[in-house]
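Thanks for coming, everyone. I'll put the model up and then talk through it.

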Amino acid sequence: MPEVLVLVDHLDGVVRRSTLELLTIARRLGEPSAVYASPDPLPDETVRLLGEHGARAVYVVQDETVEQFSVAPLAEALEQLVRSTTPTVVLIGSTPEGKEVAARLAVRTDSGLLTDAVGVDVVDGAAVTTHSAFGGGYEVRARVTRGTPVITVKPNTVEPVAEPAHPEVRPVTTTFSDAARSARVVARQPRERSARPELTEASVVVSGGRGTGGDFAPVEALADALGAAVGASKAAVDSGWAPHSFQVGQTGKTVSPQLYVAAGISGAIQHRAGMQTSRAIVAVNRDPDAPIFELADLGVVGDLHTVLPAVTEEIRRRER
Amino acid sequence: MQVVACIKHVPDATADRRFTPERTVDRSVDGLLSELDEYAVEQALRLKDRAPAPDDVVVAVVSMGPARAVEAIRKALQMGADRGVHVIDDALAGSDALATSLVLAAAARWAAGGEVPDLVVCGMASTDAGMGVVPAMLAERLGLPQVTLASLVEVRDGEIRARRDGDHAREVIGATLPAVLSVTDQSGEARYPSFKAIVAAKKKPVDVVSLADLDVDATLVGAAASWSVVDDVAPRPPRSAGVVVRDVDGAGVDALVGFLTSNRFI
């Protein structure tokens, strides 16, 4: 069986759920091998987790370069692994950084690149991907025709399914070019870890917009009652009411949860582009003419400051 | 100092966007300078404005696309760019990101008189294909430091510093020019052209160049040479509006709780 390389997305050894999804997809295409890059040693716990999801091998690039310089070193490490292992496909998480690593890898290996896949099927042994286009208005199916396909996959594309394997840990040495060491990471401030689920991976998202008037407390309270991630519209982020990492939309994150609750969000096209493939959409807005109601399965014309706390209270009451 | 901003003419997202029978983006519809590329032009212009001798900083905008793409170049010239380079060639139709980056890398060099420009600036992604990979590809192809997804930029004494809000961390990236920079929509609002600037832009030069002018092999680009193929495009059935309830006497709350319960979210 041919190898499929999966780049492990992790923060200090803590593996993202999206990586487990990639391993699940990789098993349809061949034998998954995980690629773990970090200045620190690979934790045993991480090997176990990757193995549980079917990794047959874990290539370990333990090198400070991957943290001291931006993007390029990871692409070079992968390139050298592609040359030595000749995989059928390389799978990378569709994060902004993942896509940039994939971009450089594709150029370096003269290979086709497909990004933001929301589905990966196997047709005649090759990967055929599904993508959302024009803000979710179209569905596109594509495949790579040259080189080693490099595919980035969006979170929530599949459920991670365990299939235990005992991975062989293989340390690899990468030679980095001068160009890879040219964009230095001068300072680095890790994101505060939130108790809430990661926005792009959450099965429920509650977002607030201009209608919050800057008060996100009702949005956050409902999110916590539902075990949801908190999102925000561009208007709310531009007003400084929520950090940019919360932004859902064309220039923020694209989410596709089971349930999306839009509170005080009018539904501008930029916002819709980031959420309209959600399974169910609920909107709460005071303006009965808000375009968000055109795509909501349930629309509530009312004040989020009274509706959200009442719903939160009811959920909490039922828990008791 | 040579600054090259790579810009794209894209279909208007507020109008009807569609695909051609060849499954490429239909570019015959109304288009405009990609909103996200306005931020790139803005940063290039700020660099010029802040330079000790602004006249020594030449901001060229480079775009690849059919005849109408010149509209995007004109807009950038109205904002204040000095000159435009329009790569137009029938062989380019259907090019993917790898082919596009190949052509833009050559065009950026051409715009800077055959040398690597001091700074290549891009938006974070296009608003049509939206892959967000061309800046990284340009850095790879030009062999330059990649300073991308910047929300704050500072260029001083031949050094560039940028804040990059990554997935795992907020980083400051530093590099020595020349470099490739991409900026996000957080990097600073793009300026509106004044009437005077709109008039002045009419006199600014736009060079029209072909693949032959750029010395790019035409068999390496376009749909036939692309590294990937689109087999199928299908409009997704539009979402139909569901139930709308007015929140009178708690009716909205009851409807919402009912929805969450029947769909097993609570």
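What follows is a quick walk through sheets, helices and the contact between the chains.

One caution before we start. This is a predicted model.

Let me begin with the annotations. For chain A, UniProt has an unreviewed entry that places "domain: Electron transfer flavoprotein alpha/beta-subunit N-terminal" at residues 4-189. That stretch of chain A is 28% helix and 36% strand. Its end C-alpha atoms are 33 Å apart. For chain B, the feature "domain: Electron transfer flavoprotein alpha/beta-subunit N-terminal" is put by UniProt, again from an unreviewed entry, at residues 22-218. Here the span is 31% helix and 28% strand. The end C-alpha atoms of residues 22-218 of chain B lie 19 Å apart.

Now the contact between the chains. How many residues does each chain give to the contact? Chain B gives 64 residues, and chain A gives 70 residues. On the chain B side, the elements that give two or more residues include α3 (97-111), α4 (134-142), β7 (146-156), β8 (159-165) and β9 (169-176). Also among them are β12 (228-235), β13 and α8 (251-262) of chain B. Which of these gives the largest share? That is β12(B), with eight residues. By residue type, the chain B side divides into 33 nonpolar, 16 polar and 15 charged.

Next, a sheet that takes strands from both chains. It is open, has 10 strands, and its pairing is mixed. The order is β12(A)-β9(B)-β8(B)-β7(B)-β10(B)-β6(B)-β1(B)-β4(B)-β5(B)-β11(B). At the edges stand β12 of chain A and β11 (206-209) of chain B. Each has a single partner strand, so one side of each is left without a neighbour in the sheet. On average, neighbouring strands of this sheet are turned by 30 degrees against each other, direction ignored. Helix α2 (residues 70-79) of chain B packs on this sheet. The helix touches β1 (2-7), β4 (58-64), β5 (83-87) and β11 of chain B. Its direction makes about 165 degrees with that of β5(B).

Look at the chain crossing in that sheet. Strand β12 (residues 184-190) of chain A pairs with β9(B) in the antiparallel sense, over six bridges. Two residue pairs to click on. A:Gln189 has B:Arg170 as its bridge partner in β9(B). A:Val185 has B:Ile173.

Stay there for one residue, B:Arg163. It lies in strand β8 of chain B. Why does B:Arg163 count as partly exposed? Because 19 other C-beta atoms lie within 10 Å, and a residue needs 20 or more to be buried. Beyond its neighbours within four places in sequence, B:Arg163 is in contact with B:Ala150, B:Ser151, B:Leu152, B:Arg170 and B:Val172. So B:Arg170 comes up again: this contact of B:Arg163 is also the bridge partner of A:Gln189.

On to the other shared sheet. This one is open too, with six strands and parallel pairing. Its order reads β14(A)-β13(A)-β15(A)-β16(A)-β17(A)-β13(B). The edge strands are β14 (229-232) of chain A and β13 (243-246) of chain B, and each pairs on one side only. Neighbouring strands here are turned by 15 degrees against each other on average, direction ignored. Inside the sheet, β16 (residues 280-285) and β17 (residues 298-301) of chain A run parallel, joined by four bridges. A:Val282 stands opposite A:Leu298 in β17(A).

Two helices of chain A pack on that sheet. Helix α6 (residues 217-226) touches β13 (204-208), β14 and β15 (259-263) of chain A. The direction of α6 makes about 175 degrees with that of β13(A). Helix α9 (residues 304-319) touches β15, β16 and β17 of chain A, and its direction makes about 130 degrees with that of β16(A).

Last stop, two covered elements. In chain A, five of the six residues of strand β5 (residues 57-62) are buried, so β5 is largely enclosed by the rest of the structure. Six bridges join β5(A) to strand β4 (residues 31-38) of chain A, and the two run parallel. A:Tyr36 stands opposite A:Val60 there. In chain B, helix α1 (residues 35-50) is mostly covered, with 12 of its 16 residues buried. Among the buried ones are B:Leu36, B:Tyr39, B:Val41 and B:Lys48. The helix reaches 23 Å from its first C-alpha to its last, close to the 22 Å expected.

That's the tour.

How values were computed: Residues numbered from 1 in each chain as written. Chains lettered and ligands numbered in written order. Predicted model: local features only at pLDDT ≥ 70, side-chain atom pairs only at ≥ 80, totals over all residues. Pairing = 2+ DSSP bridges. Axes fitted to C-alpha atoms, helices over the stretch in contact; angles between N-to-C directions. Contact = placed C-beta atoms within 7 Å. Expected span 1.5 Å × (residues − 1). Nonpolar A, V, L, I, M, F, W, Y, C, P; charged D, E, K, R; others polar. UniProt positions renumbered as here; feature names shortened; annotations may be inferred.
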